[in-house]
2 protein chains.
Amino acid sequence: MSGTLTILGTGPGAEGLIVPEADAALAQATDALGYIPYLRRLAPRAGLRLHESDNREELDRARHAIALAQAGGRVVVVSSGIRGFRDGRGGFRGARGSRPQTHPEIAVIPGITAMLAAAARIGAPLGHDFCAINLSDNLKPAETIRHRIRHAALGGFAMGFYNPRSASRPDGFARALDVLRETCEPERIVIFARAVSTPQEEITVTTLAEARDTMADMRTVVLVGNPETRRIAGKGRDWVYTPRSWPAL
Amino acid sequence: MSGTLTILGTGPGAEGLIVPEADAALAQATDALGYIPYLRRLAPRAGLRLHESDNREELDRARHAIALAQAGGRVVVVSSGIRGFRDGRGGFRGARGSRPQTHPEIAVIPGITAMLAAAARIGAPLGHDFCAINLSDNLKPAETIRHRIRHAALGGFAMGFYNPRSASRPDGFARALDVLRETCEPERIVIFARAVSTPQEEITVTTLAEARDTMADMRTVVLVGNPETRRIAGKGRDWVYTPRSWPAL
């Protein structure tokens, strides 16, 4: 008898940001698969086998998860909020070649994404229309990324950037800043949110004029306001919010 | 002594999609404010006063919440996932005129947004870069909405539309479909996700050619794929996913 396959996100890091549906699936699981840092966050439990895999091995991971579920396992693929969607894709792509009849029961449980967790920490910078853009050019051309940032800026969207910069891709965020400088005013608000909701959390609010590519690393989500986004002084700290209204032209 | 003000989202409807941080804030609250349907979802409890307010009264609600917190209350403003951000904005706007010294301690707790909950139910349609667009023209010009949809389509983004259509705004989604038909191919996948995670949940997958404006109402989130988004047959149902890769031009 075929088992079950549940793809879930455990959010940006804090236990208080994992939804109960995800906790329940983890409590019943026989096997958990995922990128190493996500699996290391799980509490060990008798009867739960952990199968760590590296980044960029999503398709193999998905095939392995499907095979374990077809053998009767209650299998979870563990991700952060956003990676839930990525691993979801890997899973569906992995399932594509096989006959539907042999598929396990699949469920996807949403998680709090790093972008929205970061936004909450600083106020409401994504309160109006916004875009999410992955700056990694591993699986899409750098020119597509430039094209998207340009349209997001021309459309007046706030933006959230994932994977801005890594050791193997040191230039992605510098290229993004170049496009922003061509399309946005220097006062545009830029937020660097690193390791949100973990003990290493660091949030920096600056402007496009002051932003430097070295302010981001792989644990950083970068948020860019729209032209109406503003800082306001609060008790002991500043907040950033984007008004819900947009001026008539 | 000033109290606390916590702005939180209770997600699309299911209790299993409320994060523990939000539950903890609700358990300690003395006052909860929010749009009527969100407050009706809360379990009544001695010591918790409920202050219902209507939609479009966000600024009054925010001022009331701040006043209650300044008087020493542990105040929560309750929203769905996305409305957390909206009420957040109202709160920050409400706080703007007053002196920071008198502000209560403010915290924002993120929730699962309807858009991402809807995406999870059908697979991973927002797996690649995406935009969120509010189709209500209450607070922004209809031409701004058209302009944004056009840039989102030209940029190759998947899209999530909030507030597609209501009794007082019957034409918003029809206008959005017109822009999509000018910019996207007829086979583009469109998903209507109504009342996600509640007993009334209904999800319809169709194409831009077959989509009609009457398929959406105020409880519907509409998701539009990017040009690479595809349907795959699963066990007893179809899934929709958007590949993580994007073809080189």
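This briefing covers the fold of chain A and its interface with chain B. The model is predicted. Chain A has 249 residues, and 73 residues of chain B are in contact with 71 residues of chain A. Together the two chains bury about 6400 Å².

**Chain A: fold and surface**

- The secondary structure of chain A consists of seven helices and 13 strands.
- Of the residues of chain A, 58% are buried.
- Contacts in chain A between residues at least 6 apart in sequence often span long stretches of chain: 67% of them join residues at least 24 apart.
- Chain A exposes about 9700 Å². Carbon and sulfur atoms account for 50% of that area.

**Interface: extent**

- The size of an interface is often given as the accessible area lost when the parts come together.
- For chain B and chain A that area is about 6400 Å², with 64% of it on carbon and sulfur atoms.
- The contact involves 73 residues on the chain B side and 71 on the chain A side.

**Interface: polar and charged pairs, and the chain B side**

- Four salt bridges link chain B and chain A.
- B:Lys140 and A:Asp129 form a salt bridge through their side chains, at 2.4 Å from N to O.
- Between the two chains, 21 residue pairs are in polar contact, with both residues at pLDDT 80 or more.
- Helix α4 of chain B (residues 81–96) gives the largest share of the side that touches chain A, with eight residues.
- By residue class, that side of chain B holds 39 nonpolar, 19 polar and 15 charged residues.

Definitions and conventions:
Residues numbered from 1 in each chain as written. Chains lettered and ligands numbered in written order. Predicted model: local features only at pLDDT ≥ 70, side-chain atom pairs only at ≥ 80, totals over all residues. Heavy atoms only, no water. Helix = DSSP H or I, 4+ residues; strand = E, 2+ residues; numbered from the N terminus. Buried < 20%, exposed > 50% of the residue type's maximum accessible area, 1.4 Å probe, protein only. Contact = heavy atoms within 4.5 Å. Areas by Shrake-Rupley, 256 points an atom, 1.4 Å probe, with all protein chains shown as cover. Buried area = accessible area lost by both parts, 1.4 Å probe. Polar contact = N/O pair within 3.5 Å; in protein donor to acceptor, adjacent residues only side chain to side chain. Nonpolar A, V, L, I, M, F, W, Y, C, P; charged D, E, K, R; others polar.
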